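Biologist: I have a new model open and don't know my way around. Can you walk me through?

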Amino acid sequence: MQIAEISPVRDSGRPAAKPAKTIEQLQGIGVDNSLVLIVEDEPAIAQILEAYLLRDGFRTVRAGDGEIALQHHAHLKPDLVLLDVRLPKLDGFDVLARLRQTGSTPVIMVTAIADDIDRLSGLRLGADDYVVKPFNPQEVVARVKAVLRRTRGEHANVIKRFGTIEVDFTSYTAFVTSDERRTHLSLTLSEFRILAYMIRHPTQAFARADILDACLPESDALVRTVDTHISNLRRKLEELGQNGFFPAVRGIGYRFSDPR
Ligand code: CA
């Protein structure tokens with residue numbers, strides 16, 4: 001069993017100096033942060049795809065053959081799979097077939113072989129899109145975004161609800177609905193980003209360093225800054241009668257809500 005390395009990763013403490021990001025990239029990180037599984041046996045190609053995806057605010061994980069791809073998919077539940085066709089162990093078609101037996105994770109197939117292209121374009125194999133090598137990496141990133149938008153649907157991409165809490169990712173607003181009253185939750189930008197990031201996977205435990213990376217990438221804050229923002233979020237929710245959100249997860253960090 002291979003250990004999956006999800007990028008970007010940092011242990012703790014001070015973040016490394018980072019290049020300035022564009023507003024779009026900052027918004028992308030706060031709003032999307034999707035995990036893309038790159039299945040590719042040629043390291044140079046995998047590295048290029050990874051670099052372009054990271055630059056656009058995606059998280060990535062790599063698999064060099066079909067078996068590792070299935071393991072990573074089962075354990076890490078990526079939002080999308082970029083799947084090379086010609087792979088060691090299980091080829092891309094086999095991996096796709098297995099993925100389709102268990103769910104509907106979006107898949108973009110990648111190939112250079114004319115026979116594969118015929119098969120991909122001529123048959124309904126269940127892939128969401130395909131790209132042909134040699135490709136322009138920016139075009140691949142654009143396809144990834146398009147497939148994610150399409151498969152999530154407009155609504156799911158804009159508003160997320162969990163229990164009494166509602167987050168609108170486009171207007172950067174959040175609301176609490178209780179006793180049939182809908183109240184605006186007044187948050188700082190950092191607090192909003194943390195809420196928006198964690199509510200997408202409401203019961204998942206997030207490391208403080210990951211929250212820092214995803215939500216406060218432009219600051220040189222320490223991980224304990226996350227504690228301050230979380231405690232402010234908790235207080236603001238409690239003031240609206242919403243208790244029990246953002247519980248600490250010992251040894252890790254926080255989750256948005258305990259499983260119900
Ligand atoms: Ca290959």
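Modeller: Sure. Start at a small detail: K160 has V167 in β7 as its bridge partner. Keep in mind that this is a predicted model.

Biologist: Which strands pair there, and in what sense?

Modeller: β6, residues 159-162, pairs with β7, residues 165-168. The sense is antiparallel, over four bridges.

Biologist: How many residues lie between the strands of that hairpin?

Modeller: Two residues sit between β6 and β7. G163 in this hairpin takes a positive phi near 60°.

Biologist: OK, the big sheet next. What is the strand order in the open sheet?

Modeller: The order is β2-β1-β3-β4-β5, five strands with parallel pairing. β2 and β5 (129-132) are the edge strands, so each pairs on one side only by the definition of pairing used here. From one strand to the next, the twist averages 20°.

Biologist: How many bridges join β3 to β4?

Modeller: Four, and the two strands run parallel. V81 has V107 in β4 as its bridge partner.

Biologist: Which helix packs on the sheet?

Modeller: α2 does, touching β1, β2 and β3. The direction of α2 makes about 165° with that of β2.

Biologist: Back to V81. What is V81 in contact with, leaving aside its neighbours within four places in sequence?

Modeller: L37, V39, H73, L99, T105 and V107.

Biologist: And the largest nonpolar core, how many residues has it?

Modeller: It has 29 residues. V36, L37, V39, V81, L82, L83 and M109 have the most contacts inside this core. Elements giving two or more residues to the core include β1 (35-39), β3 (80-84), β4 (107-111) and α6 (137-158). Apart from that core lies another, of 26 residues, among them V167, F192, Y197 and Y254.

Biologist: Why would such residues group together?

Modeller: In soluble globular proteins, nonpolar side chains tend to be buried together.

Biologist: Last topic, helices. At what angle do α7 and α8 cross?

Modeller: Roughly 115°. The axes of α7 (residues 189-199) and α8 (residues 208-215) come within 10 Å. The crossing is right-handed.

Biologist: Which residues meet there?

Modeller: From α7, S190, R193, I194 and Y197. From α8, I211, A214 and C215. By class, this contact has five nonpolar residues, one polar and one charged.

Biologist: And Y197 came up earlier, right? Which core was that?

Modeller: The core of 26 residues, where Y197 is listed with V167, among others. V167 is also the bridge partner of K160, where we began.

Methods: Residues numbered from 1 in each chain as written. Predicted model: local features only at pLDDT ≥ 70, side-chain atom pairs only at ≥ 80, totals over all residues. Axes fitted to C-alpha atoms, helices over the stretch in contact; angles between N-to-C directions. Left-handed = near helix turned anticlockwise from the far one by under 90°. Contact = placed C-beta atoms within 7 Å. Nonpolar A, V, L, I, M, F, W, Y, C, P; charged D, E, K, R; others polar. Core = buried A, V, L, I, M, F, W, Y, C linked by C-beta atoms within 7 Å. Buried ≥ 20, exposed ≤ 12 C-beta atoms within 10 Å, placed from the backbone.
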